[in-house]
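Visitor: I am new to this structure and would like a guided look at it. Please take one part, the aromatic rings, examine it closely, and then explain how it sits among its surroundings.

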Amino acid sequence: MKEGLVEPAFVFEEETYLTVSKTSLFFAGDGFSVYDRNAQLVFRVDSYGPDPHDRTELVLMDATGRCLLTVRRKRPSLHHRWEGYVGERMEGQKPIFSVRRSSIIGRSSVTVEVFRESPEEYQIEGSFAQRCCTIFNAEKEPVAEIRRKVDASTQVVLGKDVFSLALRPGFDAAFSMGLVLVLDQINGDGFVEEEVEMDLTAEE
């Protein structure tokens, strides 16, 4: 995915760590601000209110407010299916990916299907509620990981409203944040008991 699924400008050649922060601490499903290692704003999602289950369409923007990606819940759907669209979704526009629970019974992983000339599939395993989950490609190679954020100066683990998004080289950061938005909506209560670890170099 080196050419980028959503936005080539957000495909980095080096392993990348982003800090994701809730923009409000009062409601589950509020907006996000995403920063790089230099504390520069990379993405933002405006707050979308106190009832996340009543929200069917969310927009990921860059630091200037340009719409990069729209994720929309498909209804009806037993598997909590969401679809992603490049930019601001227009009527009749085809999605570039879909996200759904692998099973409607109990806790399960999440399946991501990417609609390209050569279709791709990803699995998300772990617990988003615990901020410990990993995105795997079809070869079961980890390409991104969500994990708890550790304060570099005090070595204290921060609250769940601030977490890290670690990206393998060549994996689209905007696409990854789109998946975070969906996970925040459908899996805020955690979805897999097993915590899956990823062999990424520790953040400096």
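**The aromatic rings and their surroundings**

Guide: Following the protein chain along its sequence, you meet the pattern β-β-β-β-β-β-β-β-β-β-β-β-α, which amounts to one helix and twelve strands. Please keep in mind throughout that this is a predicted model. As a background to the rings, of the 204 residues of the protein chain, 50% count as buried. The protein chain exposes about 10400 Å², and carbon and sulfur atoms supply 48% of that area. Among contacts between residues at least 6 apart in sequence, 45% join residues that are at least 24 apart, and the rings give us examples of parts brought together in this way across the sequence.

A pair of aromatic rings is described by two things, the distance of the centres and the angle of the planes. There are six aromatic pairs in this structure. One of them is formed by Phe10 and Phe43, whose ring centres are 4.7 Å apart and whose planes meet at 50°, so this pair is described as tilted. Phe10 belongs to the segment before strand S1 (16-22), while Phe43 belongs to strand S3 (residues 41-45), so their pairing ties together parts that are 33 residues apart in sequence. Phe10 is buried, with a relative accessible area of 12%, and Phe43 is buried too, at 0% relative accessibility.

A second example is the pair of Phe97 and Phe175, with ring centres 5.0 Å apart and planes at 65°, an angle over the 60 degrees that mark an edge-to-face pair, so that is what this pair is called. Phe97 is found in strand S7 (residues 97-101) and Phe175 in helix H1 (residues 173-186), so the pair ties together parts that are 78 residues apart in sequence. Phe97 counts as buried, with 0% relative accessibility, and the value for Phe175 is likewise 0%, so Phe175 counts as buried as well. The two rings are also part of a wider group, since ring pairs link Phe97, Tyr122, Phe171 and Phe175 into a cluster.

Two further rings can be considered for the arginines that lie over them. Arg89 lies over the face of Tyr85, at 5.7 Å from the ring centre, and Arg131 lies over the face of Phe128, at 4.4 Å from the ring centre.

Strand S7, which holds Phe97, also holds Ser98, and that residue gives a view of what surrounds the strand. Ser98 is buried, with a relative accessible area of 1%. Leaving out residues up to four places away in sequence, Ser98 touches Arg81, Trp82, Glu83, Thr111, Val112, Glu113 and Phe115. Ser98 and Glu121 are 23 residues apart in sequence, and their C-alpha atoms are 9.7 Å apart in space.

Arg81 and Trp82 appear again among the contacts of Arg73, which, with neighbours within four places in sequence set aside, is in contact with Thr56, His80, Arg81 and Trp82. Arg73 is placed in strand S5 (residues 67-73), and at 18% relative accessibility it falls under the 20% limit, so it counts as buried.

Strand S1, which comes after the segment holding Phe10, leads us to another part of the surroundings. S1 and S12 run antiparallel and are joined by six bridges, and one of the facing residues is Ala166 in S12, the bridge partner of Tyr17. Strand S11 (residues 142-148) pairs with S12 as well, in the antiparallel sense and over five bridges, with Ile146 standing opposite Leu165 in S12. Five of the six residues of strand S12 (residues 162-167) are buried, so this strand is largely enclosed by the rest of the structure.

Lastly, a word on the cysteines, beginning with the general point that a disulfide is a covalent bond between the sulfur atoms of two cysteines. The structure holds zero disulfides. The cysteine sulfur closest to that of Cys132 belongs to Cys133 and lies 7.3 Å away, too far for a bond, because a disulfide needs sulfur atoms within 2.5 Å. Both residues are nonetheless buried, Cys132 with a relative accessible area of 14% and Cys133 with one of 2%.

Key
Residues numbered from 1 in each chain as written. Predicted model: local features only at pLDDT ≥ 70, side-chain atom pairs only at ≥ 80, totals over all residues. Heavy atoms only, no water. Buried < 20%, exposed > 50% of the residue type's maximum accessible area, 1.4 Å probe, protein only. Phe/Tyr/Trp six-rings, centres within 6.5 Å; stacked < 30°, edge-to-face > 60°. Helix = DSSP H or I, 4+ residues; strand = E, 2+ residues; numbered from the N terminus. Lys NZ or Arg CZ within 6 Å of the ring centre and 35° of its normal. Contact = heavy atoms within 4.5 Å. Areas by Shrake-Rupley, 256 points an atom, 1.4 Å probe, with all protein chains shown as cover. Pairing = 2+ DSSP bridges.
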